[in-house]
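Here is a briefing on one protein model. Read it with the sequence and the coordinates open.

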Amino acid sequence: MPVFDYDPPERFVAGAVGQPGSRAFFLQARGQGRSTTVGLEKFQVAALADRLDELLDEVLRRSGGTAQVPATAPAALADNGPLDVPISEDFKVGTMALAWDSDTAQVVIEAQEIVAEDEELEAPPLAEPAVLRVHISPGAARAFTKRAMALVAAGRPPCPLCGQPLDAEGHICVRLNGYRGSSASSVEGGE
């Protein structure tokens with residue numbers, strides 16, 4: 001099982017390539033003369049950012065405010081640059097895990113590769129999954145979440161009725177009983 005370990009990385013960011021509606025999402029870590037890029041889904045980026053903020057808030061709460069955990073992302077740690085190129089996906093992420101290492105006062109993020117299973121035999125995975133493991137400071141974690149949340153929010157706007165993403169052509173809205181709509185004003189009515 002290859003483990004791509006960064007303790008700490010020089011850079012750890014979420015990024016996307018492509019136009020809203022057809023973007024590919026990545027996590028990218030760089031350090032010690034090497035870089036690792038893993039692919040994942042938009043919802044995984046959003047979930048990671050949400051859970052990371054929750055973890056840091058919980059560490060701060062449990063410490064009674066004594067932990068060195070910033071409440072917001074320090075401006076000095078902001079990273080708004082593009083992903084490093086060339087973008088070469090090392091693996092596709094299946095599961096992720098978060099942990100707080102109280103000995104080093106760092107967040108540990110693990111992203112594990114999706115591994116195919118032998119469906120006919122209902123056997124365990126055919127190979128050991130690769131893992132991206134990153135150890136970052138609480139400030140770097142807050143900066144990561146801020147960038148990740150902005151990345152997710154930069155996608156297609158949601159339908160005001162059902163919340164699903166709108167395409168330029170609109171979408172089939174379940175709240176309009178299958179009629180094509182692009183906004184709430186698509187609903188006919190009145191005089």
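In the hairpin of β5 and β6, Ala 105 takes a positive phi near 55°. The hairpin has 4 residues between the strands. The model is predicted.

**Hairpin and strand pairing**

- β5 and β6 pair in the antiparallel sense, over 8 bridges.
- Within that pairing, Met 96 stands opposite Ala 111 in β6.
- Ala 105 sits in the loop between β5 and β6. Its phi is positive although the residue is not glycine.
- Is Ala 105 buried, exposed or partly exposed? Ala 105 counts as partly exposed, because its relative accessibility is 35%, between the 20% and 50% cut-offs.
- β5 also pairs with β4, in the parallel sense, over 2 bridges.
- Gly 39 has Lys 92 of β5 as its bridge partner.

**Other backbone features**

- Gln 32 is another residue other than glycine with a positive phi, again near 55°. Gln 32 lies in the loop between β3 and β4.
- Gln 32 is exposed, because its relative accessible area is 58%, over the 50% cut-off.
- Asp 7 and Pro 8 are joined by a cis peptide bond, with omega about -10°. Pro 8 falls in the loop between β1 (3-6) and β2.
- A cis peptide bond also runs from Val 85 to Pro 86, with omega near 0°. Pro 86 belongs to the loop between α1 and β5.

**Leu 83**

- Leu 83 is placed in the loop between α1 and β5, as is Pro 86.
- Is Leu 83 buried or exposed? Leu 83 counts as buried, because its relative accessibility is 10%, under the 20% cut-off.
- Not counting residues up to four places away in sequence, Leu 83 touches a run of residues from Val 13 to Val 17, namely Val 13, Ala 14, Gly 15, Ala 16 and Val 17. Its other contacts are Arg 11, Phe 26, Gln 28 and Arg 147.
- Leu 83 and Leu 27 are 56 residues apart in sequence. In space they are 8.9 Å apart, C-alpha to C-alpha.

**Largest nonpolar core**

- The core holds 31 residues. Which of them touch the most other members? They are Phe 12, Leu 27, Val 45, Val 107, Leu 132 and Phe 144.
- Strands that give two or more residues to this core are β2 (11-17), β3 (24-31), β4 (34-40), β5 (91-101), β6 (106-113) and β7 (131-136). The helices α1 (42-62) and α2 (138-153) do so too.
- α1 gives the most to this core, with 7 residues.
- Val 107 touches Leu 52, Leu 55, Leu 56, Ala 99 and Trp 100, not counting residues up to four places away in sequence. On the same count, Val 107 also touches Val 134, His 135, Ile 136 and Ala 141.

**Largest pocket**

- The largest pocket holds about 260 Å³ of space.
- How many residues line the largest pocket? There are 17, and Glu 10, Arg 11, Phe 12, Leu 77 and Ala 140 lie nearest its centre.
- β2, β7 and α2 each supply at least two residues of the lining. α2 gives the most, with 4 residues.
- By class, the lining has 10 nonpolar, 3 polar and 4 charged residues.
- Phe 12 links two topics: Phe 12 is among the core residues that touch the most other members, and Phe 12 is among the lining residues nearest the pocket centre.

Note on methods:
Residues are numbered from 1 along each chain as its sequence is written. This is a predicted model: local features need pLDDT of at least 70, side-chain atom pairs count only at pLDDT 80 or more; totals for chains, interfaces and linings use all residues. Side-chain values use heavy atoms; hydrogens and water are left out. A nonpolar core is a set of buried Ala, Val, Leu, Ile, Met, Phe, Trp, Tyr and Cys residues joined through side-chain atoms within 4.5 Å. Buried means under 20% relative accessible area, exposed over 50%, partly exposed in between (1.4 Å probe, protein chains only). Contact means heavy atoms within 4.5 Å. On a 1 Å grid over the protein atoms alone, a cavity is a set of points where a 1.4 Å probe fits but cannot get out, and a pocket is an open set with protein on both sides within 12 Å along at least five of seven lines; lining residues have an atom within 4 Å of a point. Grid points are joined across faces, edges and corners, and a volume is the space filled by probe spheres set on the points. Ala, Val, Leu, Ile, Met, Phe, Trp, Tyr, Cys and Pro count as nonpolar, Asp, Glu, Lys and Arg as charged, and the others, Gly among them, as polar. Two strands pair if DSSP finds at least two bridges between them.
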